[in-house]
Every structure is written in C-alpha cells, then in structure tokens.
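Subject: Structure handover

Hi,

Here is the structure I promised. Please open it alongside this email; my notes follow below.

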Amino acid sequence: MQAIVLVGGEGTRLRPLTETVPKPALTLVDRPFLAYMIEWLAGHGVTEVVLACGFLPDVLREALAGEEERAGVSIAYVVEPERRGTAGAIRFAADELGERLDDRFLALNGDVLTDLDLTALLAAHANHRSAVPSPRIEREKHSGTGGVATIALHPVEDSSAYGLVSTGPGGEVLEFTEKTGEAVPGEINAGMYVLERSVLDLIPPGEEVSIERDVFPRLVGEGLHGLRLDGYWVDIGTPERYLRASWDILEGRVETRVEATAPGLLVAAGTEVAKGATVGPRAVLGPGTRVAAGAEVRESVLLGGCSVGEGARVGGSILAPGAEVAPGATVEGVVAGADERVPG
C-alpha cells in the first residue's frame with residue numbers, strides 16, 4: 001500500500017520555530033513530527049510513503065534519515081516546483097510515480113498527530129467499492145463498480161476551522177462544506193483519504209487545485225463516502241496545539257513509541273538540571289539543555305541545547321534549539337527561535 005503525504009506547507013503559524021525548519025521536521029517531544037505519522041502508517045500496512053514536499057525539502061530529508069529502517073517502510077521524496085494546492089500536490093506526486101502508482105492509494109495531510117484506525121478506513125473503502133453502483137467518472141473509464149474516494153471523518157465540538165461533512169446511512173457523503181466558520185459540533189474531514197486512481201482525472205496537471213474545495217464537492221453522489229473514526233486526532237499547526245500534543249504524547253492519550261521519563265515529562269540524555277531547580281510537572285528538556293539553580297520550567301518545551309539562567313521562570317513556552325533565557329527572567333507564553341536570547 002502506498003501513501004502520498006502532503007508536507008509542502010511552511011508552517012507559518014509556528015514561526016519562528018519553522019523559519020529554518022519545515023513543520024514536518026520540527027521535533028515533537030523526542031523525534032521529528034512526521035516520524036509519528038510514518039510509524040503510524042507502517043502499523044497499518046503501508047509499505048511506501050511518498051512525501052510531496054515544498055518548503056526546505058533537504059532539511060526534511062536530513063531530519064528523517066534512518067526513519068526507513070526504524071519504521072520498516074520505503075520513503076520517496078517529490079518536490080513541487082511551485083504551490084499546487086492539496087489536490088494539485090497529489091496529482092504531481094502521482095505523475096512523478098507514473099506507472100508505479102497503485103490503482104488504489106492513500107493520501108493524507110502531513111500536519112496531524114493521530115492514532116485513528118486507518119485499517120478500518122481501507123476496509124470501508126473496499127466495501128463501498130464492491131457494493132455501490134459505478135459513479136459517473138468510473139463509468140467513463142471502465143466498467144468497475146463502487147466508490148472512488150473514502151474520507152476519514154472525526155467528531156469535534158467546534159467545526160469552525162475544518163471541513164464539515166454530512167453522510168447518509170450507508171456512508172455516502174451528502175454534503176461537503178469546507179471551513180464554515182460556525183462553532184457547531186459535527187464530523188470533520190480528518191485529512192485522510194483512500195482514493196482510486198481514477199480520481200486523478202478530476203485534477204488538471206500543473207495547476208493549483210484544492211481537493212477539499214474543487215474535487216470532493218464534484219464527487220458528492222458520484223462515489224464519495226466517509227467513515228467516522230473515533231480516537232486521537234490533532235492538527236499541531238499552532239503553538240497551543242503543539243504543546244497540547246506534547247502533553248498528550250507524554251501522558252499516553254495518543255498511542256506512540258515515546259517512552260516518557262514520567263507522565264507529562266521527558267528529560268533527554270545529556271541534560272543538566274541544577275540542584276534547587278524545578279522542572280515540571282509538564283516539560284520537555286531536549287538533549288544538552290541546562291537549567292540553572294533556582295530556575296523553574298513548567299508546561300514548556302525546550303529543544304536541544306537550550307539554557308535557563310539562575311532564578312528564571314519559564315511557563316507555557318516553546319524554545320527552539322540553542323535558545324537562552326537570561327537569569328531572573330520571567331517567560332510566559334513565548335515562542336523563541338533558534339539561538340535566540342530571551343531577556344528578563
């Protein structure tokens with residue numbers, strides 16, 4: 001099984017963390033964020049992960065060095081020459097694969113931490129494929145049967161920032177509304193799709209096309225299905241969600257391979273915490289981080305090589321590698337860039 005993962009965005013809402021590091025390569029707890037998705041995909045039978053890259057692809061490749069061996073999958077990189085949108089990126093990656101692309105494949109947004117049951121999504125698609133009359137675009141190509149796309153749906157209390165999807169009793173999508181702006185509960189598009197290769201015919205090559213706005217609405221009534229998947233799902237695109245995901249990993253609310261130092265806490269090897277300093281109960285201290293005497297670090301992530309001066313207080317913050325907090329400083333809700341000095 002192949003999976004095309006869209007990782008071309010610049011992660012602007014996480015700046016300055018993502019000024020020189022693409023969001024998928026950003027460390028989340030103890031590994032590059034995208035490693036979680038690759039490991040999850042491998043656990044559901046994916047054997048080849050195709051990364052549709054855009055921003056700083058070489059940095060991403062370097063961050064994922066060795067991940068093929070760890071996860072037991074092959075990883076291919078394709079780099080878009082310019083922004084193509086979600087559907088355009090899928091089409092570009094598919095064209096790069098050429099005849100190697102399977103007739104049925106997965107496509108996923110690469111900015112989600114999740115443990116949803118992808119195997120159930122694949123099984124549901126196979127069931128729709130065999131049980132539902134042929135949609136128009138299938139009839140035009142060949143005489144196969146069934147649906148052409150199945151979307152993973154996830155329930156949320158506030159759907160304002162996401163695509164809201166309504167389905168019928170058989171899972172057929174009745175309406176696909178992208179980002180309504182209304183704070184209402186519902187089932188949203190979770191950014192995970194099983195697609196038949198025939199869907200690519202709806203995506204013009206070389207153009208910027210949105211699968212949410214341009215492709216899926218055309219497939220309503222033509223073989224588009226959805227499946228609700230309960231479990232853990234979060235988009236880490238903001239500092240608040242990045243911190244939330246960190247604590248969820250360390251407190252076991254999402255299934256990962258991370259081994260916490262204690263619930264809510266990770267202290268990496270090579271970290272120096274002086275006598276009289278306080279760390280936690282929630283905190284991540286990356287390799288080589290130093291916390292001086294009398295300092296306090298809580299509800300914060302300090303990536304590799306950070307330093308916190310004597311008597312400083314750090315709360316609700318994210319510090320990129322090499323950031324330095326001045327002695328006696330009080331730092332609340334700060335996102336500091338690499339090697340940045342945070343004054344008192």
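V297 stands opposite V314, a residue of β22. The model is a predicted one, so please read everything here in that light. The strands behind that pair are β19 (residues 296–298) and β22 (residues 313–315). They pair in the parallel sense, over three bridges.

Both belong to an open sheet of four strands. The order is β16-β19-β22-β25, and the pairing is parallel. β16 (278–279) and β25 (330–332) stand at the edges. Each has a single partner strand, so one side of each lacks a neighbour in the sheet.

Next, helix α4 (residues 85–97). Its 13 residues should span 18 Å at 1.5 Å a residue. The end C-alpha atoms are 18 Å apart, which agrees. Its buried residues are A87, G88, A89, I90, R91, F92, A93, A94 and L97. What do the buried residues of α4 pack against? Among the strands there are β1 (2–7), β4 (48–53), β5 (74–79), β6 (104–109) and β11 (186–196). Helix α7 (211–219) is a further partner. Just after α4, G98 takes a positive phi of about 60°.

Last, H125. This residue is found in helix α5 (residues 118–131). Is H125 buried or exposed? Its relative accessibility is 0%, and the cut-off for buried is under 20%, so H125 counts as buried. Leaving aside residues up to four places away in sequence, H125 touches R104, G147, V148, A149, T150, V194 and E196.

Best wishes

Methods:
Residues numbered from 1 in each chain as written. Predicted model: local features only at pLDDT ≥ 70, side-chain atom pairs only at ≥ 80, totals over all residues. Heavy atoms only, no water. Pairing = 2+ DSSP bridges. Helix = DSSP H or I, 4+ residues; strand = E, 2+ residues; numbered from the N terminus. Expected span 1.5 Å × (residues − 1). Buried < 20%, exposed > 50% of the residue type's maximum accessible area, 1.4 Å probe, protein only. Contact = heavy atoms within 4.5 Å.
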